[in-house]
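This briefing is meant for a reader who is meeting the structure for the first time. Please look over the sequence and the 3D view before turning to the notes that follow.

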2 protein chains.
Amino acid sequence: MRVVNVLLGGPTDLLPKNLMLNEVDADWIGVDRGSLRLIENGIIPSIAIGDFDSLKADELEKVRSKVKDIRYFNPVKDYTDSQLGIKIANESLHADFINVYGATGGRLDHFFANFLMFLSDEFKNIAPKVRIIDTQNDIRYFLPGQYTLHKILDKKYLAFIPLTEMNLTLNDEKYTLNNFHVNHPISFSSNEFLGDIGHFSFDNGMMCVIQSKD
Amino acid sequence: MRVVNVLLGGPTDLLPKNLMLNEVDADWIGVDRGSLRLIENGIIPSIAIGDFDSLKADELEKVRSKVKDIRYFNPVKDYTDSQLGIKIANESLHADFINVYGATGGRLDHFFANFLMFLSDEFKNIAPKVRIIDTQNDIRYFLPGQYTLHKILDKKYLAFIPLTEMNLTLNDEKYTLNNFHVNHPISFSSNEFLGDIGHFSFDNGMMCVIQSKD
C-alpha cells in the first residue's frame with residue numbers, strides 16, 4: 001500500500017505538530033510554496049507542482065536544485081494547484097492513500113475549493129483514498145456503501161456530513177439513525193464512537209466523515 | 001435597519017481585531033461561552049443563549065448577574081446553539097442584518113454545522129440577512145435572483161460558491177460566466193472585482209459569496 005503525502009501552499013499554523021519530522025521518510029508531493037516548506041524541513045519531495053509565482057527567485061532556485069521532477073503549470077489552467085497535487089499523487093505515484101496537509105485555515109474560498117473538488121466527476125473516484133488532515137480535524141470521503149470506521153485515538157468527536165441527498169444509517173454510534181432521509185448537505189456534528197469502531201451506510205452521492213477534537 | 005451581532009462560543013483566534021471594542025454599541029447576542037467573552041470585553045449582550053455547560057460556576061454567575069434575558073436550552077434539543085443564536089436574532093430582535101462571529105476555525109464539524117444550516121427549509125429565508133465574518137473572510141448567502149455586490153475595501157478576492165445545482169451568470173468580474181450550468185457544490189475561488197461593484201445572477205437553490213484576503 002502506497003501512501004503519498006501532499007503539502008499544499010496554504011497557511012502552516014494548522015499543520016500537525018512535527019508533521020515533517022514524523023513523516024520524513026514518506027513519499028511527498030509539494031504544491032507551490034509547499035515544495036519549499038518541505039525542503040526547508042529536510043524533505044525532498046518526489047514531485048514539485050505549481051506555477052511557483054509566489055516564490056522569490058532564490059526560493060525557486062532552491063526547489064529547482066533539489067527536486068528532480070518539477071511540473072510547471074500555468075496559473076490560468078483547467079486545474080487548481082491542489083487538484084493537480086491530488087491528481088498526480090493518484091496517476092503518477094499510484095497512491096493507495098493520499099494524505100493532504102495545508103488544505104484548511106486562512107481563506108475559506110481556498111478551503112472550499114479543496115474540500116468540494118471531490119464532488120466533481122473527475123475526482124469522485126479518487127475521494128475514497130483521500131484524508132485532509134490538520135491539527136484538530138481528520139476529513140474522509142465515502143461513496144455509497146457499508147463501512148466500518150476506526151476511532152482515531154486523540155479525536156473525541158465523530159461527524160457525518162452528507163454532501164448530497166441520501167438515506168443514511170448510523171448503526172452503533174452515540175447517536176444513531178435508521179435509513180434517515182437527508183435532502184441537502186448538513187453537518188451531523190458532535191457524535192461519538194461508543195467503542196473503537198463504528199458502522200454506517202448510505203445509498204447515494206457522497207459522505208464526508210470528520211473526526212475532530214477540541 | 002437593525003443590525004444584530006452574534007458571538008458564538010468557538011475559537012477566538014479568528015475574530016476580527018478589536019471587534020468588541022469597535023462594536024461596543026451594537027446589539028449583541030452571546031451564545032454559550034460567547035456571552036462571557038462579551039461581558040469580559042465590556043459588552044452586555046441583549047440576550048444570552050445556551051446550555052452554558054462549558055462555563056464554570058463563577059463564570060455562569062457573571063453572565064447571570066449582568067444579562068437580563070438569559071435563555072437556557074437543554075444540550076439535547078432540536079437546534080444547535082448557533083442555530084438558536086440566529087433564530088433569536090431574527091425572531092426576538094427582528095434583525096435586518098445578522099453578523100455572526102466565532103463561526104469559523106477549530107473543529108470543522110462545527111464550522112460545517114454553522115455554514116450549512118442555511119440550506120435547511122427553516123433557515124433558508126434568514127440566510128440573506130446573514131454575514132459570517134472572521135479575520136480573512138466575509139461570507140454571505142443569496143437566494144435566486146439578480147444582485148449587485150459591493151467590494152469590501154480590504155478584501156482582494158471574490159469567490160462564488162454555488163451550494164446547489166444552478167445556472168450562473170457572472171456579468172462583470174475579472175472572470176465571467178454566462179448562464180453556466182453547475183451541477184454540484186463547487187468553489188469558484190480567486191475571482192476579483194474589476195471596480196467597486198460586481199453583478200451576478202442565478203436561477204435556483206442557494207449561492208454563497210465569499211470576499212477574502214490573504
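In this predicted model, helix α2 of chain A, covering residues 33–40, lies across three strands of chain A, namely β1 (3–7), β2 (27–31) and β3, and the helix runs at about 135° to β2(A). The points below take up the sheet of chain A, then a hairpin in chain B, and finally the contact between the two chains.

**The sheet of chain A**

- The strands of chain A include an open sheet of 10, arranged in the order β4-β3-β2-β1-β5-β6-β7-β14-β9-β12, and the pairing within this sheet is mixed.
- At the edges of the sheet stand β4 (69–72) and β12 (188–191) of chain A, each of which pairs on one side only.
- On average, and with direction ignored, neighbouring strands of this sheet are turned by 20° against each other.
- Strand β3 of chain A, residues 47–50, runs parallel to β4(A) and is joined to it by 4 bridges; Ile47(A) has Asp69(A) in β4(A) as its bridge partner.

**A hairpin in chain B**

- Strands β10 (residues 166–170) and β11 (residues 177–182) of chain B pair in the antiparallel sense over 4 bridges, and Met166(B) has Val182(B) in β11(B) as its bridge partner.
- Together β10(B) and β11(B) form a hairpin, with 6 residues lying between the two strands.

**Where chain B meets chain A**

- Chain B and chain A each bring 30 residues to the contact, and the area buried between them is about 2400 Å², with carbon and sulfur atoms giving 65% of it.
- On the side of chain B, the residues that lose the most area to chain A are Arg107(B), Leu108(B) and Phe112(B), which together account for 26% of what that side buries.
- The interface holds 2 salt bridges, one of which joins the side chains of Arg107(A) and Asp214(B) at 3.2 Å, N to O.
- Between chain B and chain A, 18 residue pairs are in polar contact, counting pairs with both residues at pLDDT 80 or more.
- In chain B, α5 (108–116), β7 (137–142), β9 (157–162), β12 (188–191) and β14 (207–212) each supply at least two residues of the side that touches chain A, and the largest share of that side, 8 residues, comes from α5(B).
- Sorted by class, the side of chain B that touches chain A has 14 nonpolar, 11 polar and 5 charged residues.

Methods. Residues are numbered from 1 along each chain as its sequence is written. Chains are lettered from A and ligands numbered from 1 in the order in which they are written. This is a predicted model: local features need pLDDT of at least 70, side-chain atom pairs count only at pLDDT 80 or more; totals for chains, interfaces and linings use all residues. Side-chain values use heavy atoms; hydrogens and water are left out. Contact means heavy atoms within 4.5 Å. Buried area is the accessible area (1.4 Å probe) that two parts lose on being put together, summed over both. A salt bridge is a side-chain nitrogen of Lys or Arg within 4 Å of a carboxyl oxygen of Asp or Glu. A polar contact is a pair of N or O atoms within 3.5 Å; within protein, one must be able to donate a hydrogen and the other to accept it, and residues adjacent in sequence count only if both atoms are side-chain atoms. Ala, Val, Leu, Ile, Met, Phe, Trp, Tyr, Cys and Pro count as nonpolar, Asp, Glu, Lys and Arg as charged, and the others, Gly among them, as polar. Two strands pair if DSSP finds at least two bridges between them. Axes are lines fitted to C-alpha atoms, for helices over the stretch in contact, and angles run from 0 to 180 degrees between N-to-C directions.
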